[in-house]
Amino acid sequence: MASQSEPDYVFKVIIVGDSFVGKTCTLIQRSERYFKKDYSATIGLDFRATDIIIGNSKVKLQIWDTAGQERFRAFVKVYYRDSDGICIMFDKSSRESFDHVDGWIKDIDKEVENKNQIRILVGNKADLKSVVINEEANIKAEKYNMDYVEISAKENYQVDFLFEALAFRLLERG
Ligand code: GDP
Ligand code: MG
């Protein structure tokens with residue numbers, strides 16, 4: 001299949017989570033294949049598209065990057081509604097960012113009636129010394145009926161796996 005061909009499926013995905021957990025770096029690693037070291041806060045929303053081949057299907061994910069700052073939350077809410085998938089990201093080296101996962105899910109649930117939406121819990125910065133262990137992340141993910149994936153945007157560890165798993169789940173859902 002030619003990579004220029006039209007996608008068979010297009011899904012809209014958003015990445016949410018506290019500021020500084022690595023949302024923008026993850027997206028840049030996936031779409032541009034490098035680790036962006038210098039921190040620059042994302043203002044509002046930005047998106048990048050990435051293609052994934054699953055079996056005989058070409059899946060295009062339109063991935064929306066959000067700013068984690070409180071002041072942008074209201075703005076982002078509109079985008080929860082018509083997204084097919086949501087990555088809820090925390091930083092494995094930050095207990096606070098993990099504790100805030102419940103708040104992010106509450107925010108999403110307030111806006112989204114589409115229970116068909118696929119959600120994945122993402123623990124980034126697996127290259128650093130973890131204060132949040134995978135076992136508790138798995139417990140939290142199970143509580144909300146999500147999968148859990150640990151990644152490192154810096155080391156490009158399981159970044160592709162994350163988006164492939166998401167695309168697979170979205171296809172499965174139809
Ligand atoms: P965002 O606010 O969630 O978009 O976070 P950014 O993607 O801007 O990243 C915030 C900071 O964390 C930056 O200084 C990045 O260099 C750093 N960072 C992002 N991902 C990783 C990672 O996987 N490992 C490490 N060690 N640092 C990371
Ligand atoms: Mg950002």
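**Entry 1. Convention and overall layout**

I count two strands as paired if DSSP finds at least two bridges between them. With that convention fixed, I looked up Met89 and found that its bridge partner in β5 is Val122. I note at the outset that the model is predicted.

I then recorded the general layout. The chain holds six helices and six strands. Read along the sequence, I obtain the pattern β-α-β-β-α-β-α-α-β-α-β-α. Of the 174 residues in the chain, 49% are buried.

**Entry 2. Strand β5 and its partners**

I returned to β5, which spans residues 118-124. Which strands pair with β5? I found that β4 pairs with β5 in the parallel sense, over seven bridges. I also found β6, residues 147-150, paired with β5 in the parallel sense over four bridges. For this second pairing I looked up Leu121, whose bridge partner in β6 is Tyr148.

I next checked the cover over β5. Seven of its seven residues are buried, so I describe β5 as largely enclosed by the rest of the structure. Both faces are covered. On one side I list Ile118, Ile120, Val122 and Asn124 as buried, and on the other Arg119, Leu121 and Gly123. I note that Val122, the partner of Met89, is thus listed with Ile118, Ile120 and Asn124 on one side of the strand, while Leu121 is listed on the other.

**Entry 3. Strands β1 and β3**

I turned to β3, residues 57-66. Eight of its 10 residues are buried, so β3 too is largely enclosed by the rest of the structure. I found β1, residues 9-16, paired with β3 in the parallel sense over seven bridges. Within this pairing, Val10 stands opposite Lys60 of β3.

**Entry 4. The largest nonpolar core**

I looked up the members of the largest nonpolar core and found 23 residues. Which of them touch the most other members? They are Leu61, Leu162 and Phe163. I recorded that β1, β2 (45-54), β3, β4 (85-91), β5 and α6 (159-173) each supply at least two residues of this core. Helix α6 gives the largest share, with six residues.

**Entry 5. Helix α1**

I examined α1, which covers residues 23-32. The helix is mostly covered, with eight of its 10 residues buried. The buried residues are Lys23, Thr24, Cys25, Thr26, Leu27, Ile28, Gln29 and Arg30. Just after the helix I noted Arg33, which takes a positive phi of about 65°.

**Entry 6. The surroundings of ligand 1**

I counted 19 residues around ligand 1, of which Phe20, Lys23, Thr24, Cys25 and Asp127 come nearest. Which element gives the most to this shell? It is helix α1, with three residues. By class, I find seven nonpolar, five polar and seven charged residues in the shell.

I then looked up contacts to oxygen atoms of the ligand. A backbone N or O atom of Gly22 lies 3.0 Å from one oxygen atom of ligand 1. For Thr24, an N or O atom of the side chain is 2.9 Å from an oxygen atom of the ligand. For Lys154, a polar backbone atom is 3.0 Å from an oxygen atom of ligand 1. The ligand taken alone exposes 580 Å², and the protein buries 91% of that.

**Entry 7. Ser83**

I looked for Ser83 and found it in the loop between α2 (73-81) and β4. Is Ser83 buried or exposed? Its relative accessibility is 1%, and because buried means under 20%, I record Ser83 as buried.

I found two polar contacts to enter for the side chain of Ser83. The side chain of Ser83 reaches the backbone oxygen of Tyr80 at 2.9 Å. A polar contact of 3.0 Å also joins the side chains of Ser83 and Gln117.

**Entry 8. Ile105**

I closed with Ile105, which is found in helix α4, residues 101-111. Ile105 has a relative accessible area of 1% and is therefore buried. I also looked up its separation from Asp8: the two residues are 97 apart along the chain, and their C-alpha atoms are separated by 30 Å.

Notes:
Residues are numbered from 1 along each chain as its sequence is written. Chains are lettered from A and ligands numbered from 1 in the order in which they are written. This is a predicted model: local features need pLDDT of at least 70, side-chain atom pairs count only at pLDDT 80 or more; totals for chains, interfaces and linings use all residues. Side-chain values use heavy atoms; hydrogens and water are left out. A residue is near a molecule or strand if one of its heavy atoms lies within 4 Å of it. A polar contact is a pair of N or O atoms within 3.5 Å; within protein, one must be able to donate a hydrogen and the other to accept it, and residues adjacent in sequence count only if both atoms are side-chain atoms. Accessible areas come from the Shrake-Rupley method with a 1.4 Å probe; for residues, only the protein chains shown count as cover. Ala, Val, Leu, Ile, Met, Phe, Trp, Tyr, Cys and Pro count as nonpolar, Asp, Glu, Lys and Arg as charged, and the others, Gly among them, as polar. Buried means under 20% relative accessible area, exposed over 50%, partly exposed in between (1.4 Å probe, protein chains only). A nonpolar core is a set of buried Ala, Val, Leu, Ile, Met, Phe, Trp, Tyr and Cys residues joined through side-chain atoms within 4.5 Å.
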